[in-house]
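I opened my notebook for a walk through a two-chain complex. Here is what I looked up, in the order I looked.

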Amino acid sequence: MVIHLYQIIVIAISVVMIYGGTKNFIRGKSGQTLTKLMIRVFVWGGMSVIALFPEITNLLANLVGLQGNINAVILTGFLLIFLMIFKLLSAIERLEQNISELTRKESLEEIKKK
Amino acid sequence: MDFINFMDSQKQKIFIVIPAFNESVVIKDVIAEVNSAGYENIIVVDDGSSDNTFQKASEIQKIIALRHKINRGKGAATKTGIEAAKLLGAEIIVTMDGDGQHDPGDISKLVEPILEGKCDVVLGTRLKDPAGMPWYKIAQNKFGNLVTWYLFGLYVTDSQSGFRAYSRHAAEVVNTRGDRYEYDSEVLREIYIYKLKFKEVPIKVRYTEYSMGKLQKQGLVNGIKTFYRMVWKIIN
């Protein structure tokens, strides 16, 4: 098996990312849940597997019915990212409205006191 | 009783809401002008200014000065002012800008149709008599009018004007989510959805070096951001 430079880079970054997440989880840092760690392992581990065995993407392409394995990867990735961005923007919007509501309630207290 | 006497007798029910952001230079003059026009129920909402707008407004007795501790946008400040006016028993609420661009002499033109029971909302429009309005602002406004019509179903000649009057009923039913400049367009959506009776009235606008130099005005970049927020609120 011939190892290419891009495979080394992807695996190196994946190892660093999984190591970092695992370390934070073991140390019990706030915000680091098991679910987050599993997602990290899945995403970065998945990228390593695809980098080492690119032919696996053919299975994915056949599964979803797409022509060309790289198209399947790119399209799936794009869809996931789009969904994440949409969710994030919705969450930010809700937060902004909550902040405005709280700011308004606080300022109206002056009138209610009088 | 002639109309002028009738107006004078109704002024106790009319509240003027002035959202303000970093307007310490002119806010006292704006309030004084509104007072001179015969209106005493004035609510100034300081939207998290970094200057002493709130302090200057508070120095004037008999006006209500409220403060947002953090900047939330013109729409949010206007909404706070309207809520305050409702709490204080307002029957008619007039919103106007805090930078001195609006002439308080036009307030009577805005409230007259509501006092006569002819409509729920009166929209001040700069474009029926745009004398003195820079050409690029006219173009921006016309574009904004088309976008508002397309997105919210109502065509008016000045969708971005903040000089408006609302009846108590309109103030109760209008429910917006926009905090910034998209607020003015969202109000038009509410007028359309709730089938509120409205009228457009020409107003004077005073474009001074001070008001034109303000960074937070609705220029091209802010216009693009407003457009994005209007579209986002529809799809979200």
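**Entry 1: contacts along chain B.** I began with how chain B folds back on itself: residues 24 or more positions apart account for 75% of its contacts with a separation of 6 or more. Two residues are in contact here if their C-beta atoms, placed from the backbone, lie within 7 Å. I noted that this is a predicted model, in which local features need pLDDT of at least 70, side-chain atom pairs count only at pLDDT 80 or more, and totals for chains, interfaces and linings use all residues. For bookkeeping, residues are numbered from 1 along each chain as its sequence is written, while chains are lettered from A and ligands numbered from 1 in the order in which they are written.

**Entry 2: confidence.** I checked pLDDT, the predictor's confidence in each residue, from 0 to 100. Chain B has a mean pLDDT of 88, and 91% of its residues reach 70 or more. For the complex, the predictor gives an ipTM of 0.81 and a pTM of 0.75.

**Entry 3: overall form of chain B.** I found ten helices and seven strands in chain B. Its radius of gyration is 17 Å, close to the 18 Å that the globule rule gives for 236 residues, so chain B is as compact as a globular protein of that length. The radius is taken over C-alpha atoms, and the globule rule is 2.2 Å times the number of residues to the power 0.38. Helices (H or I, at least four residues) and strands (E, at least two) are DSSP runs, numbered from the N terminus. The C-alpha trace of chain B spans about 45 × 40 × 35 Å along its principal axes. Of its 236 residues, 45% are buried. By the rule I used, a residue is buried if 20 or more other C-beta atoms lie within 10 Å of its own, exposed if 12 or fewer, and partly exposed in between, with C-beta atoms placed from the backbone.

**Entry 4: strand E4 of chain B.** Which way do the residues of E4(B) point? I saw B:Ile92 and B:Val94 on one side of this strand (residues 92–95), with B:Ile93 and B:Thr95 on the other, and all are buried. Then I looked for its partners, where two strands pair if DSSP finds at least two bridges between them. E4(B) and strand E1 (residues 14–20) of chain B run parallel and are joined by four bridges. Four bridges also join E4(B) to strand E6 (residues 164–167) of chain B, and this pair runs antiparallel. B:Val94 ties both together in my notes: B:Ile16 stands opposite B:Val94, and in E6(B) its bridge partner is B:Ala165.

**Entry 5: two positive phi angles.** I stopped at B:Asn22, which has a positive phi of about 50° although it is not a glycine. B:Asn22 sits in the loop between E1 and helix H2 (27–36) of chain B. Is B:Asn22 buried or exposed? It counts as buried because it has 20 C-beta neighbours inside 10 Å. B:Lys195 also caught my eye, with phi near 50°, a positive value in a residue other than glycine. I located B:Lys195 in the loop between helix H8 (182–193) and strand E7 (198–202) of chain B. B:Lys195 has 8 C-beta neighbours inside 10 Å, so it counts as exposed.

**Entry 6: a loop lysine.** I followed B:Lys128 into the loop between strand E5 (121–125) and helix H6 (135–152) of chain B. With 12 C-beta neighbours inside 10 Å, B:Lys128 counts as exposed. What does B:Lys128 touch, not counting residues up to four places away in sequence? I listed B:Thr157, B:Glu200 and B:Pro202. Its C-alpha atom is separated by 8.2 Å from that of B:Val201, 73 residues apart along the chain.

**Entry 7: chain A.** I turned to chain A, which has four helices and zero strands. Its radius of gyration is 22 Å, well over the 13 Å that the globule rule gives for 114 residues, so chain A is more spread out than a compact globule. The C-alpha trace of chain A spans about 80 × 40 × 20 Å along its principal axes, and 7% of its 114 residues count as buried. An automatic or database domain assignment supplies the domain bounds: chain A is divided into domain 1 (1–53) and domain 2 (67–114). The C-alpha centres of these two domains lie 27 Å apart.

**Entry 8: where the chains meet.** I closed with the interface, where twelve residues of chain A are in contact with 17 residues of chain B. The chain A side has two nonpolar, five polar and five charged residues. In this scheme Ala, Val, Leu, Ile, Met, Phe, Trp, Tyr, Cys and Pro count as nonpolar, Asp, Glu, Lys and Arg as charged, and the others, Gly among them, as polar.
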